Amino acid sequence: MKGIELKGKKEREFRAKILVGADGAHSVIARKTGCVTEPDPRHSCAAVRAYYTGVAGPKDRIELHFIDEVLPGYFWIFPVSKTEHNVGLGMLVKDMQGKHVNLKEVMFNAIEKNALFKPRFKNAKLSSEVRGWNLPLGSRRQKVHGNGYLLVGDAASLIDPFTGEGVGNATTSAKIASLVIEKALKLNDFSEQMLSEYADNLWAELGSELQTSYNLQRAGKWKFLLNLVIDKAANRPEVREFIGGTFTNEDAKKQLYSPLFYLKLLFA
Ligand SMILES: Cc1cc2nc3c(=O)[nH]c(=O)nc-3n(C[C@H](O)[C@H](O)[C@H](O)COP(=O)(O)OP(=O)(O)OC[C@H]3O[C@@H](n4cnc5c(N)ncnc54)[C@H](O)[C@@H]3O)c2cc1C
């Protein structure tokens, strides 16, 4: 039997046949089981986020701006209501090392000095604190199971390394885990070997997409490629449609890192 100890006002111990680590980016269970020792800067993204009221401009779309300061990360502006926007940016931790980057300052600089955003934030007001997080990216395969336990979502380091999205993969991993747990309960077998079916099914479902996104993340460092794609997208609705699709469609993503795609775009 496996389990956890809760330490707070009262100390309590819970025992179970199987423990699911769904405790997010700083997962205690991932650390206690030895699946994660410390965050790997090559596979972690640092992000800051704040809410603003009174941001001028579109309220019917999400905006991703690939600003130089955080490439291949981006600055985002997401409408959350008619009056409020979720604003933030993220950057690969490895790219911040040795540069004394303060992401909060980078965000305020973009808002206050970037010619594109300055007029849009002229009458905007910060309506929350600025919060910072670490995002564990799925650009490497972390150990996600062992004797009597499984890790899902951010605890399993499954955030898409290109888009920074993690909700979809967290949900997918939970679904896969629940099917394997159902089988384990039927067989009354919670061994590492039995639970390896979770890891196999997880990587079969998400492995290729995560790899594609990692390739795209690396290609995103090439500013001229990004500019080429975005310039074409500005003038061509079908390129715009295609780029939108790359956030959800793996085949579209794969084309994005094929040299042929850029050649075609160059002469289109
Ligand atoms: C700034 C920012 C912006 C993001 N934007 C997007 C986006 O636009 N789209 C998207 O898809 N993803 C986005 N993500 C990523 C997304 O939030 C995560 O990938 C997703 O929430 C992971 O779900 P999870 O259930 O694994 O972890 P979490 O949502 O982090 O849930 C973990 C839960 O475990 C609890 N917990 C942790 N430790 C303990 C403990 N010791 N005891 C008890 N409970 C504990 C926490 O309180 C939390 O409720 C963003 C992340 C950040 C930081």
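The largest nonpolar core of this predicted model has 45 residues, and those with the most contacts inside it are Leu-89, Met-91, Val-144, Leu-150, Leu-151 and Tyr-198. Two or more residues each are given to this core by strands S4, S6 and S7, helix H3, strand S11 (149-151), helix H4 and helix H5 (192-219). The most comes from H5, with 6 residues. Domain 1 (2-38 + 140-218) and domain 2 (41-136) both contribute residues, and the core therefore lies between them. As a general background, nonpolar side chains tend to be buried together in soluble globular proteins.

The setting of this core is a protein chain with 9 helices and 11 strands. Of the 268 residues in the chain, 29% are buried. When contacts between residues at least 6 apart in sequence are considered, 63% of them join residues at least 24 apart.

Leu-151 offers a way into the core, as one of the residues with the most contacts inside it. Apart from neighbours within four places in sequence, Leu-151 is in contact with Gly-21, Ser-27, Ile-29, Ala-30, Cys-35, Val-144 and Ala-156. One of these partners, Cys-35, is placed in the loop between helix H1 (28-32) and S4. Cys-35 counts as buried because it has 20 C-beta neighbours inside 10 Å, and 20 or more is what a buried residue requires. Along the chain, Cys-35 and Leu-151 are 116 residues apart, while their C-alpha atoms are separated by 9.0 Å. With residues up to four places away in sequence not counted, Cys-35 touches Ala-30, Gln-142, Lys-143, Val-144 and Leu-151.

Helix H3 (residues 103-113), which also gives residues to the core, shows how one element can be divided between a buried and an exposed side. Its buried residues are Leu-103, Met-107, Ala-110 and Ile-111. Seen down the axis of H3, these residues fall within an arc of 95 degrees, so they line one face of the helix. The face turned away from this buried side carries the exposed residues Glu-105, Glu-112 and Lys-113. The cover over the buried residues of H3 includes S4, strand S6 (75-79), strand S7 (84-92) and S9.

Attention may now turn to the ligand. It is surrounded by 19 residues, of which the closest are Gly-24, Trp-133, Gly-153, Glu-165 and Gly-166. Strand S4 (44-53), strand S9 (131-136) and helix H4 (167-187) are the elements that give two or more residues to this shell. The largest share, 3 residues, comes from H4. By character, the shell divides into 10 nonpolar, 5 polar and 4 charged residues. Domain 1 (2-38 + 140-218) and domain 2 (41-136) both give residues to the shell, so the ligand lies between them.

Several loops deserve separate notice. In the loop between S6 and S7 lies Thr-83. Thr-83 counts as exposed because it has 12 C-beta neighbours inside 10 Å, and a residue with 12 or fewer is exposed. The C-alpha atoms of Thr-83 and Tyr-52 are separated by 8.4 Å, although the two residues are 31 residues apart along the chain. The loop between strand S5 (63-65) and S6 holds Pro-72. The peptide bond leading from Leu-71 to Pro-72 is cis, with omega near 5 degrees.

Two further loop residues have a positive phi without being glycine. His-100, with phi near 50 degrees, lies in the loop between helix H2 (93-96) and H3. With 6 other C-beta atoms within 10 Å, His-100 is exposed. Ser-157, with phi near 60 degrees, lies in the loop between S11 and H4. Ser-157 has 29 C-beta neighbours inside 10 Å and therefore counts as buried.

Key: Residues are numbered from 1 along each chain as its sequence is written. This is a predicted model: local features need pLDDT of at least 70, side-chain atom pairs count only at pLDDT 80 or more; totals for chains, interfaces and linings use all residues. A residue is near a molecule or strand if its C-beta atom, placed from the backbone, lies within 6 Å of it. Helices (H or I, at least four residues) and strands (E, at least two) are DSSP runs, numbered from the N terminus. Ala, Val, Leu, Ile, Met, Phe, Trp, Tyr, Cys and Pro count as nonpolar, Asp, Glu, Lys and Arg as charged, and the others, Gly among them, as polar. Domain bounds come from an automatic or database domain assignment. The arc is that of the directions from the helix axis to the C-beta atoms. Two residues are in contact if their C-beta atoms, placed from the backbone, lie within 7 Å. A nonpolar core is a set of buried Ala, Val, Leu, Ile, Met, Phe, Trp, Tyr and Cys residues joined through C-beta atoms within 7 Å.
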